[in-house]
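The exercises below are to be worked through with the sequence and the coordinates side by side. Each task is followed by a solution that proceeds step by step.

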Amino acid sequence: MADEPTFSVDAFLEGDRLRRGVELRVGEGALTYDDLVLSLDEVFWTSRRAGLLLVFATGYTVAFRASEERLDELARTIDGKVDGGGLRRALLETLEGESIVCHGGVAASGKVGGNDVGEPSRAVRGLHVAVFTRQALHLFARQDAIRVPWPMEVARETEDAARPDRPFLELQGSGAALRLLYLRPEERTAVLAVAGQAPSGSADREEAIEMFARREVAGPTPARLPEFNTSAETIRVHAEREAARLPDDLRQRALLDGDFFANHFRELGETALGPLLFRKSAASRARSLAKAVEAMDAGALQDDARAASLNSLGRLAEGYGRELRRLLQGKRRAQRLEERLRLSDALRESLQGRFLAPVHDLAPQLQRLERAQADLIVRLERLEEGPPEAEETELDAAAEEWHGALVLVDRDFESAWGELLAEIGQVWADNLLPGLVEAAAAPRQRVPEWIKLLMIGLITLLVVATAVLVLLR
C-alpha cells in the first residue's frame, strides 16, 4: 500500500455524490478512495476533458478533477496499469464498416428513440464515450451502447446563457434530441461537417483504417533527441584542466601521486553529473518519444542532481580523510593531529552550500523543461490517439521547445560543474593541501607504537611476577 501512487482529487462516481479532496490510490488492480474500490481490469477508455479525467469501465464511470499537471500524471499512472487495448478494440469492432471521424469523453443529456412504432424513447444523461463516424453517433457507457444515425435535422454549436465559456453541440433528428458537452472546438467542427450529411453506403479501404488510433496502426512515435555536450570526455577535460592549476610543490610536499587530482576531480564529476549522463543514455536508447521524455523527466532530474551533488561532496571528504590518515600513520600524536586537521564542520557546511548552489541556479531551466515536457506529452497523446493521417505540426513545435529546454539544461549543468570545480580546487589549495603538507611533515614516533605496547606489557608482567615471588617467601 505504501508504494501505491496517491493523488488528492475531487471524485465523482456516477450514482454517488461528489467527494471533494479525497486521497485516490492507484494500485495494481484497483482505484481506491474513501470506502470505494473500483477495478482497473474493467477500464476500457480514459479521456482528458475540460479539467477532468474521465475513466470509463464496464461496471462504472468516474470523473476526477485536479490541476492539469496532476491529472496528466494520474492519467499516465492509470494507463500504465490498465491493459485496456483489448476492451477498446472490442468496442471499436462493433463499428466495422464505419469510418471514425473523432472520439472522446462527453457529458450527454437528452433522449433517443421513440420514432418507430411501439418504440418508447429513453433518457440519456451522464458521461459517455462518444465515437463519431461518417455514418452515425455512438455513445458508450458501462455496458450500454447507443447508436444515432445521421443525418440530423438540427446540428449546431450553441451556448448556455449561464455558461457562455462552455459551448455544447446540439443534435436533433432520427428520433434523438441530444446535447453534448466537453467536445473540443476542432471536434465540434468535424462533427458538424458530417452530422447533416446522408451516410455513405460503405467505407472504402482507406477510410477503414480511421477506425484505429494512430498508435494502433503506426506504433509509438520514435524518439528524437538533440545533440548534448556533457559527456565523460568533458568531465575528464574539466578535471585535468583544474588539476593543472593546483600548486605542484604543495602536491609533492603532501606526498600525493602526480595524477591524484586529475583522478580525484574526474571521480567528483562522474558522481555529480552521473544522473544527467545516465538519463541521457536511457533517453537515447528509448524506443519511443514518450519513453525518452520519461527518462529526462525534469522533476526527477532535479532530485537526482541534488542527491548527486551531496554524494560528490561525500567523495571529496572521503578522499581527503583517506590521504590524511595515510600520512599520519606512525606519526607522533597522530590522533590529535587528525582531529585538528580533519574537514571541519564549518568547512563542510560551507562546501555543502557551494555544491548545492548550481542545482538551485538551474531551477529556471528545469522549470522550463518541466513545462515543455508537459506540453509535449499532451501533444503526443493527442496525436497518437487521433487518426493515422493527423498532422504532426503541433507535435513538432512542442518537440522543438522540449529540445531547446534540454539543450539549456545540459549546457548549464556542464558550465555549473566547471565553475564549482574551480571552487573545489581553491578549497584544496587554501585548506586541504596545507593540512596534508602538515601531516606529511609531522615527526615520526621514535619507537613504533607496537614496540611500546609490548614493552609496557613485559614490564607489567615482571612487576606482577616479582610481587608474587615476594609473597611466596
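**Exercise 1.** How many bridges join strand β2 to strand β3, and do the two run parallel or antiparallel?

*Solution.* The model is a predicted one. Begin with β2, which covers residues 18-26, and β3, which covers residues 30-33: two bridges join them, and the strands run antiparallel. One pairing can be located at V26, whose bridge partner in β3 is L31. Continue then from β3 to β4, where four bridges are found and the direction is again antiparallel, with Y33 having L36 as its bridge partner in β4. Between β3 and β4 lies a hairpin with two residues between the strands, in which D34 takes a positive phi near 50°.

**Exercise 2.** Establish the order of the strands in the open sheet, and state which strands form its edges.

*Solution.* The sheet has seven strands, arranged as β4-β3-β2-β1-β7-β6-β5 with antiparallel pairing. The edge strands are β4 (36-39) and β5 (43-49), since each of these pairs on one side only. On average, neighbouring strands of this sheet are turned by 30° against each other, direction ignored. As a next step, consider what lies across these strands: helix α1 (residues 68-81) lies across β1, β2, β3, β5, β6 and β7, and runs at about 85° to β1. Finally, inspect the two faces of β4, of which the covered one holds L36 and L38, while V37 and S39 are on the uncovered one. In a regular strand, side chains alternate between the two faces of the sheet.

**Exercise 3.** Determine whether H128 is buried or exposed, and describe its surroundings.

*Solution.* First place the residue: H128 belongs to strand β9, residues 122-133. Its relative accessible area is 7%, under the 20% limit, and therefore H128 counts as buried. A polar atom of the H128 side chain lies 3.2 Å from the backbone oxygen of G126. Beyond its neighbours within four places in sequence, H128 is in contact with F56, G104, G105, V106, A108, L139, F140 and A141.

**Exercise 4.** Identify the residues with the most contacts inside the largest nonpolar core, and the helix that gives the most to it.

*Solution.* The largest nonpolar core has 69 residues, and those with the most contacts inside it are F261, F265, W402, I424 and W428. Several helices each supply at least two residues, including α8 (260-285) and α10 (298-328), but α14 gives the most, with 21 residues. Apart from this core lies another, of 24 residues, among them A11, V22, L71 and V82.

How values were computed:
Residues are numbered from 1 along each chain as its sequence is written. This is a predicted model: local features need pLDDT of at least 70, side-chain atom pairs count only at pLDDT 80 or more; totals for chains, interfaces and linings use all residues. Side-chain values use heavy atoms; hydrogens and water are left out. Two strands pair if DSSP finds at least two bridges between them. Axes are lines fitted to C-alpha atoms, for helices over the stretch in contact, and angles run from 0 to 180 degrees between N-to-C directions. Contact means heavy atoms within 4.5 Å. Buried means under 20% relative accessible area, exposed over 50%, partly exposed in between (1.4 Å probe, protein chains only). A nonpolar core is a set of buried Ala, Val, Leu, Ile, Met, Phe, Trp, Tyr and Cys residues joined through side-chain atoms within 4.5 Å. A polar contact is a pair of N or O atoms within 3.5 Å; within protein, one must be able to donate a hydrogen and the other to accept it, and residues adjacent in sequence count only if both atoms are side-chain atoms.
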